[in-house]
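Here is a small set of exercises to work through with the model open beside you. Try each task before you read its solution.

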Amino acid sequence: MKKSLQLLQIAFFLSFSSLFAQHTDMINSNRPGLSMAAFSVGKNVFQMESGLYGIREDHNLSRYNSNGFGFDLDLRYGFLFEQLEIIGNVKYQYDKYYSPLVETTRSGFRTTTLGAKYLVYDPFKKGEDKPNLYSWKANHKFKWKQLIPAVAVYAGMNFGFANEDYAYPNEPSMSPKIMVIAQNHFGTRWVMVTNIFYDKFTTDYKSLGYILTLTRGFNPKWSGFIENQGIKGDYYADSIFRIGAAYLLQNNLQVDASISKNFKDTPDILYGGVGLSWRFDKKHKPVKIENDEEGGKRVDKKKKEKKEKKRKDEVEGGE
C-alpha cells in the first residue's frame, strides 16, 4: 500500500511538471554547486541565490597563504520566453595575505558577470513517460532515452578592472564567456548536469573548463550532490571537488551547505559555505500543454484557442 501511494505521488508530480513547462512547483536552484542547469526559472520569475563562504589558500612554490571570507550572489530572471533567462553573478571577497616580503589585506570583486541562457532542446517537451502503477521494476529499469539530455547555451560578459586586488596583471575590463549546458534525468531521483565553458578567450588569461554535477533527491525536502570542476589555461589550471546538501524550507525557499577542495599545492585551496535560494513567481503565468484531440500532438493551449477562434471567424465571415 505504501509503495502504491509513493508511485501515485510520483505520477502526479511528473504529470504536473510536464503540463506546465519549465516552471516547477518547487524552487530549482543551481546552489550549492557551481554548475548551471539547462532549464530556466520560467517567464517573469525572479530568483535570488546567495551565500557566505570561508576560504584558505596556500601556495607551496610562491610561499604565500591567505585566509578570508566572501559573499556570492546570483540573480536570475525569466525574460520574454520560458526558455530564456538573464543571469547576473557577483562574488566579493576579503582576506589577509601573507608572504615572506608582504603582509596585507585584500578585498574586491573576484567575479562580476552578466549573461543570458537559452534552452535549445527539451527532451520532455512532449511529456515524460507515465509511471507504471503496478510494477516497481518497470519504473526503475534503465531507459535509453535518459541518455538524451536537455541542452542549453549561455553567453556572457565578465566585468572588472586591472587595479583590483584579485585581477590578473593588465587584465582587460571586459571579456566574454560562452558555455554549453547538458542536463540528464535518470529516473525520479538522479540529475546530472554538465557545463563546458570557454572563459576570457579574447585575453591572455583564457581558460577552457568543465563542471560535472551529480545530484540525488533523498526525499521531497533533502538533496545532496557531488561535483568536479576542471580548468585548463596557460595562467591557471586546477581540478576542484565539491560535496554538499540542500534542504527545502518552503516551495520557494531553500538553504544549503557545501565544502570544496582541490588536490594540488600550487595553490592548495579549501573553502566551504552556506547559502540561501529564494524565488518570486507571483507574476508567472503557466504555459499549459494539452493533447490535441485531432492528431494526438501536444500543443500550447493558448495557440490552440487562438487558432480555433480564427477558424470560427473565417467560417462566420464566409457566411
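**Exercise 1. Strand pairing around β12**

Task: Find the bridge partner of K261 in β12, then work out which strands pair with β12 and in which sense.

Solution:
- Step 1. Begin at K261, whose bridge partner in β12 is L270. Please keep in mind that you are looking at a predicted model.
- Step 2. Widen the view to the two strands: β11 (residues 253–262) runs antiparallel to β12, and nine bridges join them. Five residues lie between β11 and β12, and the two strands form a hairpin.
- Step 3. Now look for another partner. Strand β1 (residues 46–59) also pairs with β12 (residues 268–280), in the antiparallel sense and over 13 bridges. One place to see this pairing is D58, which has D268 as its bridge partner in β12.
- Step 4. While you are here, pick out the rings of F46, W278 and F280, which ring pairs link into a cluster.

**Exercise 2. The setting of D72**

Task: Decide whether D72 is buried or exposed, and list what surrounds D72.

Solution:
- Step 1. Locate D72 in strand β2, which covers residues 64–78.
- Step 2. Check the accessibility. The relative value for D72 is 15%, and because buried means under 20%, D72 counts as buried.
- Step 3. Collect the contacts beyond four places in sequence: R31, E49, S50, G51, Y53, V90 and K91. With R31, the side chain of D72 makes a polar contact of 2.9 Å.
- Step 4. Add a distance across the fold: T111 is 39 residues from D72 along the chain, and their C-alpha atoms are 9.0 Å apart.

**Exercise 3. S175 in its strand**

Task: Which residues does S175 touch, not counting those up to four places away in sequence?

Solution:
- Step 1. S175 belongs to strand β6.
- Step 2. With a relative accessible area of 2%, S175 falls under the 20% cut-off and is therefore buried.
- Step 3. The residues that S175 touches are G156, M157, N158, K200, T202 and T203.

**Exercise 4. Nonpolar cores**

Task: Which residues have the most contacts inside the largest nonpolar core, and which element gives the largest share of this core?

Solution:
- Step 1. The largest nonpolar core holds 14 residues, and M36, A38, L119, Y154, M179 and I181 have the most contacts inside it.
- Step 2. Two or more residues of this core come from each of β5 (150–159), β6 (174–186) and β7 (190–199). The largest share is that of β5, with three residues.
- Step 3. Take M36 as a case: leaving aside neighbours within four places in sequence, its contacts are N30, I87, K117, Y154, M179, I181, V193 and N195.
- Step 4. There is also a second, separate core of five residues, with Y53, I55, I240 and Y271 among them.

**Exercise 5. An aromatic pair**

Task: What is the geometry of the aromatic pair formed by W222 and Y247?

Solution:
- Step 1. The count of aromatic pairs comes to 13. In the pair of W222 and Y247, the centres are 4.8 Å apart and the planes meet at 50°, a tilted arrangement.
- Step 2. Place the two residues: W222 is in strand β9 (residues 222–233) and Y247 is in strand β10 (residues 238–250), 25 residues apart.
- Step 3. Compare their exposure. W222, at 43% relative accessibility, counts as partly exposed, and Y247, at 28%, is partly exposed too.

**Exercise 6. The whole chain**

Task: How many helices and strands does the chain have?

Solution:
- Step 1. The secondary structure comprises three helices and 14 strands.
- Step 2. The chain has 319 residues, of which 36% count as buried.

Notes:
Residues are numbered from 1 along each chain as its sequence is written. This is a predicted model: local features need pLDDT of at least 70, side-chain atom pairs count only at pLDDT 80 or more; totals for chains, interfaces and linings use all residues. Side-chain values use heavy atoms; hydrogens and water are left out. Helices (H or I, at least four residues) and strands (E, at least two) are DSSP runs, numbered from the N terminus. Buried means under 20% relative accessible area, exposed over 50%, partly exposed in between (1.4 Å probe, protein chains only). Contact means heavy atoms within 4.5 Å. A polar contact is a pair of N or O atoms within 3.5 Å; within protein, one must be able to donate a hydrogen and the other to accept it, and residues adjacent in sequence count only if both atoms are side-chain atoms. Two strands pair if DSSP finds at least two bridges between them. A nonpolar core is a set of buried Ala, Val, Leu, Ile, Met, Phe, Trp, Tyr and Cys residues joined through side-chain atoms within 4.5 Å. Rings of Phe, Tyr and Trp (its six-membered ring) pair if their centres lie within 6.5 Å; planes under 30 degrees apart count as stacked, over 60 as edge-to-face and the rest as tilted.
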